[in-house]
Amino acid sequence: MSFLGVLFIFVAIGGPVGHAGSFISLHCSPEVNAQYGQTSVLGCKISISKELKDPRITWLSWTKEGVEEPLLHYKEGKLKAEPGYSFASPSWSTSMDVSLRIANTTLQHEGEYTCGVTVNTVNGEETSSLIVTAKYGTPTISSRPKKITLNSGGTLECRASGGYPEGQIRWFDENGKEKTEDAKMSATPMDGGLFQLSSRLTLQKRSISSKYNCTVFNASGGLDGEVTSLPFIRPYSEHKSPEKEPQPAAYKIVTPLVVIGSCIVGLLLALLVCRRRTQQTQIDVSEEDKEAAEVCDSAPSRIESVYFTTATFTFSLQED
């Protein structure tokens, strides 16, 4: 029997050997964006050709560039996984979904990963990159001096921390005009590789806006947060003391009339009492009664005097 005949029999009996393109294909996400502190999944699935009978994963390995030991390793029914790594699908061996799950993603997880697999005797391999980003926290604004007026000038400082990669702080005044060119920004690495952004905006005397907006952008240009400074106030010397509102003319006239009218009513009541007492008294009048009678007799002249005074006072107020 010739050599070609022996090779043909071996292939027919043993099945396909090491040619992944004909029997299996591995499809992995070329790039995955992950959030810092969240769970990440590197998607990877195996497609099986109908020609491959009774497919079964016999070997699988997930590795990361720069790391010697496999993160996830399976062989002959034994699975070994590093802490924080696992299969995303519990039924990975039958569903052929061999996606890698990463818990509590950090910046150390960023990089290129490789998935290698053997189905029966056919091998396949694909790579996937993980990109980690972290959103910056809510920015805060402080001022130097603590109290800034429209004419005093000073410095505003805006800070935002906990972001990755390095972002940018931009300033805008109350009219939306950008003032970033008047500021100086710095980015300081924190523990774990995250960044703290700080920007100081210099405010010139007599040329500042009433308030400013600090806006934080991530490395992709997306908005992560913003904060607005408290409105600046005018210095005390510029404040005018409020003028008292002039009283209306009617108020000037009515008030004294009310007082004078009350006096007139009182005198009229006194006159009425005196008249009744005079009518009822027809006997000898004592000295005290005579004095009371004299008061009563003089009441009309007093009332006429009050009327005259009231008319004169009212006429004077109307002329004013």
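Start by selecting residues 57-64, which make up strand E5, and then add strand E10, residues 111-119. In this predicted model, E5 and E10 run side by side in the antiparallel sense, joined over seven bridges. To see one pairing up close, pick Ile57: this residue stands opposite Val119 in E10. As background, strands of a sheet pair through backbone hydrogen bonds, either parallel or antiparallel.

Keep E5 on screen and add residues 72-75, strand E6. E5 and E6 also pair in the antiparallel sense, over four bridges. Here, zoom in on Leu60, which has Tyr74 of E6 opposite it.

Now go back to E10 and colour residues 122-133, strand E11. How many bridges join E10 and E11? There are nine, again with antiparallel pairing. Val119 is worth a second click, since its bridge partner in E11 is Val122.

Time to zoom out. The strands you have selected belong to an open sheet of six, in the order E2-E11-E10-E5-E6-E7, and the pairing across the sheet is mixed. Which strands stand at the edges? Select 31-35 for E2 and 78-81 for E7: each has a single partner strand, so one side of each is left without a neighbour in the sheet. On average, neighbouring strands in this sheet are turned by 20° against each other, direction ignored. While you rotate the view, remember that in a regular strand the side chains alternate between the two faces of the sheet.

Next stop: another sheet. Select E3 (40-42) and E8 (85-87), then E9 (100-102). These form an open sheet of three strands in the order E3-E9-E8, with antiparallel pairing. E3 and E8 are the edge strands, each with a single partner, so each has one side without a neighbour in the sheet. Neighbouring strands of this sheet are turned by 30° against each other on average, direction ignored. Between E3 and E9 there are three bridges, and you can find Leu42 standing opposite Leu100 of E9.

Now show the cysteines as sticks. The structure holds two disulfides. One is formed by Cys28 and Cys44, with their sulfur atoms 1.8 Å apart. This pair links distant parts of the chain: Cys28 lies in strand E1 and Cys44 in strand E4, 16 residues apart. Cys28 counts as buried at 14% relative accessibility, and Cys44 is buried too, at 1%.

For the other disulfide, select Cys158 and Cys214, whose sulfur atoms are 1.9 Å apart. The torsion about their S-S bond is about -75°, so this disulfide is left-handed. Cys158 sits in strand E13 and Cys214 in strand E17, 56 residues apart in the chain. Are these two cysteines buried or exposed? Both are buried. Cys115, by contrast, is in no disulfide; its nearest cysteine sulfur belongs to Cys44 and is 4.0 Å away. A pair must have its sulfur atoms within 2.5 Å to count as a disulfide, and Cys115 itself is buried, at 0% relative accessibility.

Finish at Ser229. Where does this residue lie? Look in the loop between strand E18 (223-228) and helix H4 (249-280). Ser229 counts as buried, with 8% relative accessibility. Leaving aside residues up to four places away in sequence, Ser229 touches Ile141, Leu156, Lys211 and Tyr212, so show those side chains as your last selection.

Terms used: Residues are numbered from 1 along each chain as its sequence is written. This is a predicted model: local features need pLDDT of at least 70, side-chain atom pairs count only at pLDDT 80 or more; totals for chains, interfaces and linings use all residues. Side-chain values use heavy atoms; hydrogens and water are left out. Two strands pair if DSSP finds at least two bridges between them. Helices (H or I, at least four residues) and strands (E, at least two) are DSSP runs, numbered from the N terminus. Axes are lines fitted to C-alpha atoms, for helices over the stretch in contact, and angles run from 0 to 180 degrees between N-to-C directions. Buried means under 20% relative accessible area, exposed over 50%, partly exposed in between (1.4 Å probe, protein chains only). Contact means heavy atoms within 4.5 Å.
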